[in-house]
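Visitor: Please take one part of this structure and describe it closely. I should then like to follow its elements outward into the rest of the fold.

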Amino acid sequence: MATHHTPLHRAAAEAVAAHGGIAATDLKVEAPPRPELGDLAVGCFAIAKARKQSPAEVAGAIAAAFRPTELLASATAAGPFVNFRAQRDATYRWVIDGALRGRLVPGELGAGKTICIDYGSPNISKHLAYHHIRGTTIGHALAQTFRALGYRVVGINFLGDWGTTHGMLLAAWARWGPVEPLDVTALNALYVRFNAAMKQDPALEQEGRAWFKRLEAGDPDARALWQRFRDVSWAEFQGVYDILGIDYDEVRGESAYEPDLPPLLDRLAASGLTSESQGALVVELPDEKTPILLRTRDGTTLYATRDVAAAEYRWANFHFTRSLYVVDRGQALHFRQLFKLLGRMGHAWADRCEHVQYGLVKINNQRSASRLGNVVLMRDVFAIAETMVKDLIAQINPEMPPGRVAEVARQVGIGAIVFANLAPQRDKDVDFDIDHAVSLEGDSGPYLQYSHARCASIARKAGAAVTGLDGVDLGRLAHDAEWAVARRLLEFPDAVVRAADACEPHVIAHYLLGLAAEFSRWYTLGNGDAALRVLCEDAATRRARLALTAAVQATLRDGLGMLGIAAPDEM
RNA sequence: GCGCCCAUAGUUCAGUCGGAUAGAACAACCGCCUUCUAAGCGGUAGGUCGCAGGUUCGAUUCCUGCUGGGCGCGCCA
């Protein structure tokens, strides 16, 4: 079952389906491997099976019976495939008009649907280390993508601000505090020191647990100190989110669910799901070797307990179509158990919850972890990237005013880092390497931004911006390189929908690389032949090429926006 | 031991709801700045798609086994 997102794809599928035997929505419409074969291809395998004929026979019959339509000019059979050629004028019109009006992607797809996305969600009192970039950028990209498709998105930062870890910090403060001025670096150092000390003296662990128990019991001193740690941490995190352009809809940490936990535990006990094991409260789950723990033998709650409460809160408040947890793969077991538990509690919406997992960011081939202290900070990598871009601009574009340089250097530097984290599939581990993370050429964020800046530069030089197709003679777009660009634009809707369905932003990242490459090939033709430039002599041709350029620019801008990457007009 | 994930060019990665000659980028080599920004473009070279079976008209894609690597497996999150 596939839904087609452009009228051309629908027309091609219908032309084949009209021959009988299969529904248009069951036909895959794709681009042929080589442009000389055609613009859209439909394989006749399924339909041939249904009709008990050979695929080539069916393809031949469909091609022979084909009559041109407003959108499709011709159909030819090539073995088991029917290859269609599009009517170029009509296609240019649909695709350019759609891109200029931001309506290439089906923006009504998510109408009336809500998607909760839990992403980022760092622990307070710890650094935002570089490895946090992965989940943060993937989650933000998904939020932006679903928004573009018309979904109501609730971006949630489920701050890790509760649990034994925070008791340990209070214990560390009691031993070695106070620390002034207080910032996340100081808090993180306390945490690392406490973990190191705990290795020497296991009794410290109990100290940490005792402090968390005091915190959970509402001890005013513990609460006040915890609140301060939380405020200091959030201020730091927010600075980073601002740089990344992230604005959460909900910042509700684990602590927010604390009042819900006693009644939740009562309800679970009453349901008969829970049992006691070695002093802890657990729930046994089908096909799981280990139970899920909800309360320690000390009587304090756990991550899983608060996750149940948070899931119920999200359902009660948002009635989500999907509830996504963008969290690293290491927590796969936890989420599998959590969702099973929600199901056993009778929540029919449990199967709308998805763990959107991603691979590790490794540093020097090691897993980075705050508690070990072997971290590279996100801010430090940002700073390196900005400096690299600044140097490059000084060489390439020395006339750019200094204030503008600072802004663009940040946009491009951050863009490079964000793109490097979004380009591989989620599941892949990525090794941190500064040159790779801040790649400025080849398949990179800056390459996309550069292509966008070139489009913008052409528009600037042309004077008036193209806002519509009135009076534009699209028949002037006669070059195959221009057509190749339009064909690529035609694939944007499907790329966006696929990215959203699979929660895979890299689909968009790779689509944009292809679009930028196609545009760059076209653009470069003008280097050798002035008649092939967008800003050529002939006014009517210039208008048509400007419209196509504007469509590319808009699509790059929109696509980069979905990835959470800025699209500067010059660089 | 059990579970989950990964394995494609020297390197980093696309392609995998089975389908037409497996694509980019980086690195190497050769070209293109009187050029709308060369952060670019063209070309050459580089692949037994980890191994072995199986299903199929057809497998890099699905299934099984194996090898190699990663992660996880009750009181952290």
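**The surface near RNA strand B**

Guide: RNA strand B is surrounded by 81 residues, the closest of which are A41, G163, T296, G442 and G526; a residue is near a strand if its C-beta atom, placed from the backbone, lies within 6 Å of it. Two or more residues come from each of β2 (40–43), β4 (81–86), α6 (164–176), β9 (280–283), α12 (332–344), α13 (378–396), α16 (445–462) and α19. These elements are DSSP runs, numbered from the N terminus (helices: H or I, at least four residues; strands: E, at least two). Among the contributors, α19 gives the most, with ten residues. By residue class, the surface near RNA strand B divides into 37 nonpolar, 27 polar and 17 charged. Here Ala, Val, Leu, Ile, Met, Phe, Trp, Tyr, Cys and Pro count as nonpolar, Asp, Glu, Lys and Arg as charged, and the others, Gly among them, as polar.

The model is a predicted one, in which local features need pLDDT of at least 70 and side-chain atom pairs count only at pLDDT 80 or more, while totals for chains, interfaces and linings use all residues. Residues are numbered from 1 along each chain as its sequence is written, and chains are lettered from A and ligands numbered from 1 in the order in which they are written.

The account may continue with α19, the element that gives the most to this surface. Helix α19 (residues 506–528) packs against helix α17 (residues 480–489) at an angle of about 165 degrees, and their axes are 9 Å apart. This angle makes α17 roughly antiparallel to α19. On the side of α17 the contact is made by A481, E482, A484, V485, R488 and L489, and on the side of α19 by G514, L515, E518, F519, R521, W522 and L525. Its residues divide into eight nonpolar, one polar and four charged. Axes are lines fitted to C-alpha atoms, for helices over the stretch in contact, and angles run from 0 to 180 degrees between N-to-C directions. Residues are in contact if their C-beta atoms, placed from the backbone, lie within 7 Å.

Helix α17 also meets a second helix, α4 (residues 88–100): the two axes come within 10 Å and cross at roughly 55 degrees. The helices α4 and α17 are therefore oblique to each other. In this classification, angles under 35 degrees are roughly parallel, over 145 roughly antiparallel, 65 to 115 roughly perpendicular and the rest oblique. From α4, the residues R88, T91, Y92, V95 and A99 meet W483, A486 and L489 of α17. The residues of this contact divide into six nonpolar, one polar and one charged. L489 thus takes part in the contact of α17 with α19 and in that with α4.

Another contributor to the surface, β9, leads to a sheet. Three strands form an open sheet in the order β8-β9-β10, with antiparallel pairing; strands pair if DSSP finds at least two bridges between them. Its edge strands, β8 (274–277) and β10 (292–295), each pair on one side only. On average, neighbouring strands of the sheet are turned by 45 degrees against each other, direction ignored. The antiparallel strands β8 and β9 are joined by four bridges. In this pairing, S275 stands opposite V282 in β9, and E276 stands opposite L281. A hairpin is formed by β8 and β9 with two residues between them, and Q278 in the turn has a positive phi of about 50 degrees. Helix α10 (residues 261–271) lies across β8, β9 and β10 and runs at about 125 degrees to β10.

Helix α12, likewise a contributor, leads to a second sheet. Five strands form this open sheet in the order β7-β6-β5-β11-β12, and the pairing is parallel. At its edges are β7 (250–251) and β12 (353–358), each of which pairs on one side only. Strand β11 (residues 322–328) pairs with β12 in the parallel sense over six bridges, and D328 stands opposite Y358 in β12. Helix α11 (residues 303–318) lies across β5 (114–118), β6 (152–157), β11 and β12, at about 155 degrees to β5. Helix α12 packs on the sheet as well, touching β11 and β12, and its direction makes about 180 degrees with that of β12.

Two loop features complete the account. The loop between α6 and α7 (184–200) holds P181, and the peptide bond from E180 to P181 is cis, with omega near -10 degrees. In the loop between β5 and α5 (132–148) is S125, which has a positive phi of about 65 degrees although it is not a glycine.

Terms used:
Two residues are in contact if their C-beta atoms, placed from the backbone, lie within 7 Å.
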